Amino acid sequence: MLGRPLLHLVPNGTKINFMRGRFIGLITSAVLSIASLILFFHPGLTLGLDFRGGIVVEAQTQGPADFAKIRMELNQAHISAAGLQQFGAKNSVLIRLDAPKENNTEATQTLINQVKQAVTSAQDGTKIVRADAVGASVSSELFRHGLLALGFSLLMIMLYIWFRFEWEFAVSAIITLVLDLTKAIGFLVITHFEFDLVMVAALLTILGYSTNDKVVVYDRVRENLRKYHSMPIRELIDMSINETLSRTLATSSTVFLAALPLALFGGASLSGFAWVMLFGIVVGTSSSIFIAAPLLLFMEEGSLRRRSKKNS
């Protein structure tokens, strides 16, 4: 009684023919990834403060913020605010500005002081919570390091799967992960979420989650290759996916439900991260079934069979 789950997401003995739609899945994924790459180059990502450089000032007003008055005070101080938005509560204001042309500490501090004075003049009792500045040289270095982190993680994942399984699994996994990553970037472009260090962390988390999803399916494929030597590879992969489908959906649903409150109520600082995570969960789960598994069919079936017999 204790060993039986209370909820069955997938009935026992499910036999869905996933490989029948392998061409549709691969073509759809390729089209979406190509479209995402086009969006990456034009109009491109909305870079955050970490990668664009600039100034962010967060303030709290007494009562709801009067954005019209704050904007008027900024204009009178000859400050062209790059962005003025509500940040979580109605009394929280976030002001984003490009870095001053002089790009030195003195000019940056002067601009920050002007913003503080304008905001406090707009509404009595306004408090400055924080004021952050990132220079152009630092932001470019952070952007480069963020891209290196993504590339290095893909390399480590490929090596891990290669050593744990075989090269066919590693190649199909890394192709799928690249497709997942490009779709996530396209999602960032469409939603205009700022791409900063937090989003790099979100993309790395998506890669890790998606890899775990694929390893579960690959483990079952490898086990079944050793058990069913004469079964056609297409039927074997379908059977492996069906056997792991309940676990895959249960894990995805748990992570999805955990991230959903952050997306809905996390405020500006966490909602973007959570929405990208939700998108990545859906894409990573579906790609494990409709992309990663079908790619194994296009690998050398004979080499998989020979290696599985040798290891059994």
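In which strand is Ser92 found? In this predicted model, Ser92 is found in strand S4, and the description below returns to that residue once its surroundings have been introduced.

A view of the whole protein is a helpful place to start. The protein has 10 helices and six strands. Of its 312 residues, 45% are buried. The surface that the protein exposes amounts to about 16500 Å², with 62% of it supplied by carbon and sulfur atoms. Contacts with a separation of 6 or more were also examined, and 79% of these in the protein come from residues 24 or more positions apart.

The sheet comes next. Four strands make up an open sheet, arranged in the order S3-S4-S2-S5 with antiparallel pairing. Its edge strands are S3 (83-86) and S5 (127-134), each of which pairs on one side only. On average, and with direction ignored, neighbouring strands of this sheet are turned by 15° against each other. Helix H3 (residues 67-76) packs on the sheet, where it touches S3 and strand S4 (92-97). The direction of H3 makes about 160° with that of S3. As general background, the strands of a sheet pair through backbone hydrogen bonds, in either a parallel or an antiparallel sense.

Strand S2 can be followed through its pairings with S5 and S4. Strand S2 (residues 54-60) and S5 pair in the antiparallel sense over seven bridges. Two of the partnerships can be named: Val56 has Asp132 of S5 as its bridge partner, and Gln60 has Lys127 of S5. S2 also pairs with S4 in the antiparallel sense, over six bridges, and here Val57 stands opposite Ile95 in S4. S2 is mostly covered, with six of its seven residues buried.

With the strands in place, Ser92 of S4 can be viewed in context. Ser92 counts as buried because its relative accessible area is 5%, under the 20% limit for that class. Leaving aside neighbours within four places in sequence, the residues in contact with Ser92 are Ala59, Gln60, Phe67, Gln85, Gln86 and Phe87. Among them, Gln60 is the residue whose bridge partner in S5 is Lys127.

Helix H1 offers a clear example of a helix with two faces. H1 (residues 22-41) has 20 residues and reaches 29 Å from its first C-alpha to its last, close to the 28 Å expected at 1.5 Å a residue. Its buried residues include Arg22, Gly25, Leu26, Ser29, Ser33 and Ser36. Seen down the axis of H1, the buried residues fall within an arc of 95°, so they line one face of the helix. The face turned away from this buried side carries the exposed residues Ile24, Ile27, Val31, Ile34 and Ile38. The general background is that an α-helix has 3.6 residues a turn, so residues three or four places apart point the same way.

Some backbone details also deserve a look. In general, most residues other than glycine have a negative phi, and most peptide bonds are trans. The peptide bond from His42 to Pro43, by contrast, is cis, with omega near 10°. Pro43 is found in the loop between H1 and strand S1 (46-47). His78 is not a glycine, yet it has a positive phi of about 60°. This histidine, His78, is found in the loop between H3 and S3 and is exposed, with a relative accessible area of 74%. His192, again not a glycine, has a positive phi of about 60°. The loop that holds His192 runs between helix H6 (167-191) and strand S6 (194-195), and His192 counts as exposed at 54% relative accessibility.

Two pairs of residues complete the picture. Ala77 lies in the loop between H3 and S3 and counts as partly exposed at 31% relative accessibility. Ala77 and Val115 are 38 residues apart along the chain, and their C-alpha atoms are separated by 8.2 Å. Thr205 lies in helix H7 (residues 197-227) and, at 35% relative accessibility, counts as partly exposed. The C-alpha atoms of Thr205 and Ile281 are separated by 9.8 Å, with the two residues 76 residues apart along the chain.

Key:
Residues are numbered from 1 along each chain as its sequence is written. This is a predicted model: local features need pLDDT of at least 70, side-chain atom pairs count only at pLDDT 80 or more; totals for chains, interfaces and linings use all residues. Side-chain values use heavy atoms; hydrogens and water are left out. The expected span of a helix is 1.5 Å times one less than its number of residues. Buried means under 20% relative accessible area, exposed over 50%, partly exposed in between (1.4 Å probe, protein chains only). The arc is that of the directions from the helix axis to the C-beta atoms. Two strands pair if DSSP finds at least two bridges between them. Axes are lines fitted to C-alpha atoms, for helices over the stretch in contact, and angles run from 0 to 180 degrees between N-to-C directions. Contact means heavy atoms within 4.5 Å. Accessible areas come from the Shrake-Rupley method with a 1.4 Å probe; for residues, only the protein chains shown count as cover.
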